[in-house]
Amino acid sequence: MADQPADKKFFENLSGAGKAIGVLTSGGDAQGMNAAVRAVVRMGIYVEAKVYFIYEGYQGMVDGGDNIVEVSWESVSSILQVGGTVIGSARCKEFRTREGRLKAAFNLIQRGITNLCVIGGDGSLTGANLFREEWSGLLEELAQSGKIEEEAVKKYVYLNIVGMVGSIDNDFCGTDMTIGTDSALHRIIEVVDAIMTTAQSHQRTFVLEVMGRHCGYLALVSALACGADWVFIPEYPPEEGWEDQMCVKLSENRARKKRLNIIIVAEGAIDSHNKSITSEKVKDLVVQQLGFDTRVTILGHVQRGGTPSAFDRILASRMGVEAVLALLEATADTPACVVSLSGNQAVRLPLMECVQMTQEVQKAMDERKFCEAVRLRGRSFENNLNTYKLLSHRKPDTELPKTNFNVAVLNVGAPAAGMNAAVRSAVRVGITEGHTMFAVIDGFEGFANGQIKEISWGDVGGWTGQGGSLLGTKRTLPAKYLEKIADQMRTNNINALMVIGGFEAYESCLQLAEARARFEEFCIPICVLPATISNNVPGTDLSIGADTALNAIVETCDRIKQSASGTKRRVFIIETMGGYCGYLANMGGLAAGADAAYIFEEKFDIRELQANVEHLTEKMKTSIQRGLVLRNENSNENYTTDFIYQLYSEEGKGVFDCRKNVLGHMQQGGAPSPFDRNFGTKISAKAIQWISKKLRETYRRGKVFANTEDSVCLLGMRRRNLLFQPVVELKDQADFVHRIPKEQWWLKLRPLMKILAKYKTSYDVSDSGQLEHVARHSPKEADTGAI
């Protein structure tokens, strides 16, 4: 084990010896719950605690017996890719009574369980907190009735509770995403994409009803991700007279030659008088007023089903490990906490603060304080709503401001899913801001050749769900075309530039910034949006396109592993893309349950390869039948995929056989995931608003002149916020030889994959352990950068 820096905190000092942890899933099921269960079990066993499954939620805790079972490492093998929950979930009326909780306490004491990890919604977590508060009283009552010894009351004096929110509705305040939400969005978008093709064929209007009885998150984000014409959500009812407004909008869209209309309705949608708006009511309205051929599709439980997305698997695995750490560190005075996600940070929040705020949202809606309800949902929700309002409805030309600024958009580098959503968003927000928008075809090469044209609101209709790059993209950098590009900028009077792409896009804008002394045409606001499957751009934790590629890898790994079921023991060696950046291999390994992932950022030698083979051989001697090893394409020039395949084949003889797969360009293709559509749409809208602000600031004497460092920026997601960072300042953070950032946040998650694959390792938990408070933001904070 490497030497540990003195200023870091490592969890080796935390031991679970002598502790027992119970894990249960309660309330409605959600994809990703199994990944959370797996992480809790394996992390618990790793720290030498006993871990118990509590089957059928609180009902199993009350009934006891075979419902509470100690589990081993192998018990959670092959459940990562399974939807729902393998330990069952049930509603339990008995647990709501004190008698029921007495039985539950007795059953836990019998097995020495005083640490509970509860995966469920706000009702389940509230029940767990009440149980914790009553714990000492319940034990005393059990002792008085002679069911347990007085010694047990002293020994098991307090109960620790840590919650993880499993809910497809994303209706819990305090976390950006709940386990299952992203997978539910995948199901919805799959259906919407399929419906769009049939709707276009027949010029139909489709009304889609999605889940969300009290929360409109699924409806809102899916509307944003598919460019729906209208959306109904409980937190933001339509204004009086919405019926006529909606019909006018639908007929306007048809008049613009749009062959289909999509309307999304959350099941809990209401009007401003708290009266229900149903999908049937919306359909009848469209048929009666417009005579359009209209169909209703109610998605129902389809949204809960299917395999969890890569995002949900990683989220649930991180939360599960964090939950065990929280239980190990808990004392009698520690309040029950919930493990949450803020940006890409795992945080701990007091459970009851979150529950109280969640209940406040419902109270605000009941009292028809809808602006308050949206604010309480958090910055992320508010941002989604503001972006949807900005993009969905085109104001008449007479109402648009006129700035006389020309803004050009282009794609640079390899194609990435979500680029088109970003272009659509840029064009529409730019037009709303009063600019004339131009599209550059085929990157800087096309720019030099004059392939530039004005692009309108209608030109980008239906772009969100399209993969690849509709504008065309090239890897060519501008350095050798500077003069020609400057000519084109002068000819077309381009006042600002938005460049969407990967490392090449960043490098291109750096070259333009450095050429400003020679070419005044480049003294304009320039913004880079990171879009690459490799996620290797300095200045951002995430790039548009990386989530789609990750899902492609995980889906393929699932299929490959399944192909070996029923055969003898087998190990798969899989090569991923990413250049020198190991993001896809590392995160794909975490999401697919890999045994090892070889990456360039973490050097490895023949001894490590040998140790991995031996480790796998030992695992294969148990009930485990399949192994998965990922290798980044440029992780090592000598230890190639073929070399690793041959080594594993030779060393594993008699125990397992090997197969290899090179995933190749399938990682770059396909329709963008809901996350990439949403992320691309929102950061693009934010970038155009920044460009507008810069244009106003730098417009002097009839022309734009911007030559400061902060007028050429990259918009990136850093920990919890979206930040505009000057490209010149990011120079020191980039390794230009290998085209990767010098520091990468996801390397901190690397030990997590190793722990879940049964390796002894060191895990830096410096960021963990601090119980924070739920942030309440003022309306002015809505666009501070939360996604």
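A cavity is a set of points where a 1.4 Å probe fits but cannot get out, and a residue belongs to the lining if it has an atom within 4 Å of such a point. With that in hand, let us walk through this structure, which is a predicted model.

We can begin with the enclosed spaces. The structure holds three cavities of 30 Å³ or more. The second largest of them has a volume of about 50 Å³. Which residues line the second largest cavity? Look for M164, V165, T175, M177, T178 and I179, and then, further along the chain, for L315, M319, V339 and S340. At least two lining residues each come from β5 (160-165), α10 and β10 (337-342). Sorted by class, this lining has seven nonpolar and three polar residues, with no charged ones.

Now turn to the largest cavity, where about 480 Å³ of space lies. Its lining is made of 31 residues, and those nearest the centre are F311, L341, G343, L542 and F675. Several helices take part: two or more lining residues come from each of α6, α7, α10 (310-329), α13 (379-392), α18 (546-563), α19 (583-592) and α22. Helix α22 gives the largest share, with six residues. In the lining of the largest cavity, 19 residues are nonpolar, six are polar and six are charged.

Three of those helices are worth a second look, and α6 is a good place to start. How do the axes of α6 and α22 cross? Helix α6 (residues 181-202) and helix α22 (residues 674-698) have axes that come within 9 Å and cross at roughly 90°. Because of that angle, α6 is roughly perpendicular to α22. On the α6 side, the residues that meet α22 are D182, L185, H186, I189 and D193, and their partners in α22 are P674, F675 and R677. This contact between α6 and α22 is mixed in class, with four nonpolar residues, one polar residue and three charged residues. You may recognise F675 here, as it is also among the residues nearest the centre of the largest cavity.

The other neighbour to visit is helix α7 (residues 217-226), whose axis comes within 10 Å of that of α6, the two crossing at roughly 45°. The helices α6 and α7 are therefore oblique to each other, and α6 passes α7 in a right-handed crossing. From α6, the contact uses T181, A184, L185, I188, I189, V192 and M196; from α7, it uses Y217, L218, V221, S222, A225 and C226. Which classes do these residues fall into? The contact of α6 with α7 has eleven nonpolar and two polar residues, and no charged residues. Notice that L185 and I189 of α6 appear in the contact with α22 and also in the contact with α7.

Our last stop is an open space, the second largest pocket, where about 940 Å³ of space lies. There are 37 residues in its lining, and G28, R91, G121, D122 and G123 lie nearest the centre. Helices α4 (122-144) and α11 (351-366) each supply at least two lining residues, and α4 provides the largest share of the lining, six residues. By class, the lining of this pocket divides into 17 polar, ten nonpolar and ten charged residues.

Terms used. Residues are numbered from 1 along each chain as its sequence is written. This is a predicted model: local features need pLDDT of at least 70, side-chain atom pairs count only at pLDDT 80 or more; totals for chains, interfaces and linings use all residues. Side-chain values use heavy atoms; hydrogens and water are left out. Axes are lines fitted to C-alpha atoms, for helices over the stretch in contact, and angles run from 0 to 180 degrees between N-to-C directions. Helices (H or I, at least four residues) and strands (E, at least two) are DSSP runs, numbered from the N terminus. Angles under 35 degrees count as roughly parallel, over 145 as roughly antiparallel, 65 to 115 as roughly perpendicular and the rest as oblique. Contact means heavy atoms within 4.5 Å. Ala, Val, Leu, Ile, Met, Phe, Trp, Tyr, Cys and Pro count as nonpolar, Asp, Glu, Lys and Arg as charged, and the others, Gly among them, as polar. A crossing is left-handed if the near helix is turned anticlockwise from the far one by less than a right angle, and right-handed if clockwise. On a 1 Å grid over the protein atoms alone, a cavity is a set of points where a 1.4 Å probe fits but cannot get out, and a pocket is an open set with protein on both sides within 12 Å along at least five of seven lines; lining residues have an atom within 4 Å of a point. Grid points are joined across faces, edges and corners, and a volume is the space filled by probe spheres set on the points.
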